[in-house]
Amino acid sequence: MRVISPIRMKRKARLRAMEGLPRMAGLMPIEGGECNAVSASSVVVKRGRIVCEVMVSNGLLRYSNPEVARRLLERYPSLSHHACVNAEGRTFGCVMDHTSIAHLLEHLVIELQTQASSNPSAVFVGTSEWVDESAGIARVEVSFFDDLQALHALKEALDIINSLV
């Protein structure tokens, strides 16, 4: 019988959670030749947060629209109630139909982590900004309590956004 140490088991779970994410700071490369409208070109796990460089391939898809917002709210109705610092109001709902895709990704990662958390009072925060808007490069940072959960939420959020745009 082969015994695997808890440390090695956690490493294997971490590798499974990171499948499909880019190689950076020990992460695995994206497998396959899919061409997604939105992808993570790098992900760095830092203490308490993930930092993700996001590539948005099509200039027309760099911002959300009312249809994308409507479809997201059908699946995640609490998204519009997220606290959000923006020029139009106090919630993400004030801007989610015309905000950057990176900002949408930020809030979707937060929503997915909130749903997966075993702590009902868990609070997650994030930021997003264009690094080079004309090239479609943005940076998204999101806090976490569990790095595996955060990486899974990031991968799922990217898949969801790519299915909508």
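This is a short group-meeting talk on the salt bridges and the nonpolar core of one predicted model.

Okay, hi everyone. Before anything else, keep in mind that what's on the screen is a predicted model.

Let me start with the overall layout. The chain has four helices and six strands. If you walk along the sequence, the pattern reads α-β-β-α-β-β-α-β-β-α. There are 165 residues in the chain, and 39% of them count as buried. As for the outside, the chain exposes about 9300 Å², with carbon and sulfur atoms supplying 54% of that. And one more number for the whole chain: take the contacts between residues at least 6 apart in sequence, and 57% of those join residues at least 24 apart.

Now, the inside. Which residues have the most contacts within the largest nonpolar core? They are L72, L105, L108 and L154, in a core of 40 residues. At least two residues of this core come from each of β1 (38–46), β2 (49–56), α2, α3 (101–116), β6 and α4 (147–164). Helix α4 gives the most, with nine residues.

Let's zoom in on L108, since it's on that list of residues with the most contacts. Leaving out residues up to four places away in sequence, L108 touches L72, Y76, L79, A157, I160 and I161. You'll recognise L72 there as another name from the list.

While we're in that part of the chain, a word on α3. Is this helix mostly buried or exposed? Well, 13 of its 16 residues are buried, so the rest of the structure largely encloses α3. I also like a quick check on the helix length. At 1.5 Å a residue, the 16 residues of α3 should span 22 Å, and the end C-alpha atoms are 22 Å apart, so that agrees.

Right, on to the charged side chains. As a reminder, side chains of opposite charge can pair when their charged atoms come close. How many salt bridges do we get here? The count comes to five, and I'll go through some of them.

Go to helix α2, residues 66–75. E67 and R70 form a salt bridge, with 2.6 Å between the closest N and O atoms. The two sit three residues apart in that helix, about one turn. Then R70 forms a salt bridge with E74 too, and there the closest N and O atoms are 2.3 Å apart. R70 and E74 are four residues apart in α2, again about one turn of the helix. Put those together and you have E67, R70 and E74 linked in a network of salt bridges.

Where does that network sit in terms of burial? E67 is at 39% relative accessibility, so it counts as partly exposed. R70 is also at 39% and partly exposed. E74 comes in at 56%, and that makes it exposed, because the cut-off for exposed is over 50%.

Now one from the strands. The side chains of E129 and R139 meet in a salt bridge, 2.9 Å from N to O. What does this pair tie together? E129 lies in strand β5 (residues 126–132) and R139 in strand β6 (residues 137–143), so the bridge joins parts that are 10 residues apart in sequence. Both ends are partly exposed: E129 has 47% relative accessibility, and R139 has a relative accessible area of 30%.

So, to recap: a nonpolar core of 40 residues, and a salt-bridge network of E67, R70 and E74. Thanks, that's my bit.

How values were computed. Residues are numbered from 1 along each chain as its sequence is written. This is a predicted model: local features need pLDDT of at least 70, side-chain atom pairs count only at pLDDT 80 or more; totals for chains, interfaces and linings use all residues. Side-chain values use heavy atoms; hydrogens and water are left out. A salt bridge is a side-chain nitrogen of Lys or Arg within 4 Å of a carboxyl oxygen of Asp or Glu. Buried means under 20% relative accessible area, exposed over 50%, partly exposed in between (1.4 Å probe, protein chains only). A nonpolar core is a set of buried Ala, Val, Leu, Ile, Met, Phe, Trp, Tyr and Cys residues joined through side-chain atoms within 4.5 Å. Contact means heavy atoms within 4.5 Å. Accessible areas come from the Shrake-Rupley method with a 1.4 Å probe; for residues, only the protein chains shown count as cover. The expected span of a helix is 1.5 Å times one less than its number of residues.
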